[in-house]
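Biologist: Could you pull up the model, so that we can go through a few of its residues together?

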Amino acid sequence: MEFQIRTPELGKALARVQGIVEKKTTMPILANVLIKSKGKDAITVSATDLEIGHTADYEAKVIKAGALTVDARALHSIVKALPEATVTIKQEANAWIVVASGKSRYRIVGMAAESFPTLPKLDDVPFFAVDPVMLRSALDRVLHAVSTDETRYNLTGVAVTHLPGGNIRLCATDGHRLALYERDIPGAVIPDGVIIPRKAIIEIKRMLDAGGDEARLGFVSTSIVFERGGVVLTARRVDGKFPDVEQVIPTSAKLTATFDRAALLAAIKRVALLVPDKGQGISVTLPTSEGEGEATLRSNNPDVGEAIEEVAVTLGMNGGKPGLVIGLNAAYLIDALGSLPEEKVSIDLIDELSPAVLRGATPDQKAVVMPMRVV
């Protein structure tokens with residue numbers, strides 16, 4: 001195989017797959033990118049780690065048809081450093097790859113294209129259109145709650161559910177917190193038990209940030225397929241059963257504390273400066289009577305000292321304990337408040353041992369944070 005391509009075009013293609021190619025793997029081919037000719041005027045660039053696959057076409061002058069694989073990171077480093085506007089890539093005997101541009105010439109060890117894993121075919125994918133801006137916003141609202149603990153594999157992604165009323169629910173949890181967002185997506189077809197892996201969500205967000213007009217999403221057998229602007233991402237769905245979130249979210253509240261979201265977020269960040277580590281919490285003390293008042297935020301670090309701050313709150317009571325004190329993880333609160341877009345945020349509470357439910361003015365988004373003991 002031999003082709004010539006604009007250096008920035010190849011640089012863009014390689015940059016897109018850097019988050020997918022494996023750095024350390026027992027299968028060396030997964031560190032490579034597959035480049036195949038597509039007619040006389042285009043090449044197809046693909047990468048996979050067996051969990052996620054990325055494929056896109058790019059304009060190029062194909063001199064000799066064929067396919068090759070080459071180390072994605074090495075080629076990316078070379079292309080970024082090339083001063084010329086075009087680069088020629090040619091496969092020689094024993095899968096050696098020659099990269100030539102101006103007076104620069106490199107020879108890189110390649111591998112047989114036949115050994116590259118097969119990516120899912122898209123012929124029968126039941127795609128449906130999704131609004132890119134809406135999807136980007138929806139993913140931002142739940143991604144922070146996805147578990148990074150591989151021993152709890154069923155929690156390492158975002159669960160997508162088609163609700164009886166027609167809305168689509170996105171939900172994530174790591175067992176200590178939960179984020180939920182509901183939205184109507186006309187034409188969406190969601191099979192039962194879909195969990196999109198965290199790594200796929202991150203790659204989809206990158207594709208959304210890169211621009212383009214329409215976006216499409218589809219599900220086939222054990223995979224998810226996302227396409228935008230000619231770039232196709234395939235990902236293996238998380239194999240596992242997601243918890244029943246209805247059992248986690250309290251359906252009633254005895255106390256409702258309403259804050260200015262920005263003011264509360266800033267106050268928590270300041271008090272959290274003395275929190276020893278991310279696993280520690282802060283205490284939140286509510287007023288002793290209904291109406292407008294002040295909540296007290298407190299953190300304590302035995303090795304450094306303590307931080308105390310008061311923030312304005314409007315308290316509603318429905319049989320709750322006056323002056324309730326609850327311990328909550330500061331990092332979880334910061335993530336949850338950062339995902340809520342409204343100016344006002346309410347925290348629904350039952351007692352100091354029950355989950356805190358954060359929500360905005362609309363019922364389509366909720367964040368749940370489990371209580372913790374604060375010394």
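Modeller: What follows is a short talk about two serines and some ring contacts, and please keep in mind that this is a predicted model.

Biologist: Fine, where does S299 sit?

Modeller: S299 belongs to strand β21, which covers residues 291-301.

Biologist: And is S299 buried or exposed?

Modeller: S299 counts as buried, because its relative accessibility is 1%, and the cut-off for that label is under 20%.

Biologist: What does S299 touch, leaving out residues up to four places away in sequence?

Modeller: With those left out, S299 is in contact with V271, L274, V275, I282, G305, E306 and A307. For V271 there is a polar detail as well, since its backbone oxygen lies 2.7 Å from a polar atom of the S299 side chain.

Biologist: How far is S299 from F128 in space?

Modeller: From C-alpha to C-alpha they are 48 Å apart, with their positions 171 residues apart in sequence.

Biologist: Changing topic, which strand holds S101?

Modeller: S101 is in strand β8, residues 97-101, and with a relative accessibility of 3% S101 counts as buried.

Biologist: Which backbone oxygen does the S101 side chain reach?

Modeller: That of T86, at 2.8 Å; T86 is also among the residues S101 touches beyond four places in sequence, together with L82, E84 and V87.

Biologist: Now the rings: how many aromatic pairs are in the whole structure?

Modeller: The search finds 1 aromatic pair.

Biologist: And which charges sit over rings?

Modeller: One of them is R107, whose charged end is over the ring of W96 at 4.5 Å from its centre, while R216 lies over the face of F127, 3.9 Å from the ring centre.

Notes: Residues numbered from 1 in each chain as written. Predicted model: local features only at pLDDT ≥ 70, side-chain atom pairs only at ≥ 80, totals over all residues. Heavy atoms only, no water. Helix = DSSP H or I, 4+ residues; strand = E, 2+ residues; numbered from the N terminus. Buried < 20%, exposed > 50% of the residue type's maximum accessible area, 1.4 Å probe, protein only. Contact = heavy atoms within 4.5 Å. Polar contact = N/O pair within 3.5 Å; in protein donor to acceptor, adjacent residues only side chain to side chain. Phe/Tyr/Trp six-rings, centres within 6.5 Å; stacked < 30°, edge-to-face > 60°. Lys NZ or Arg CZ within 6 Å of the ring centre and 35° of its normal.
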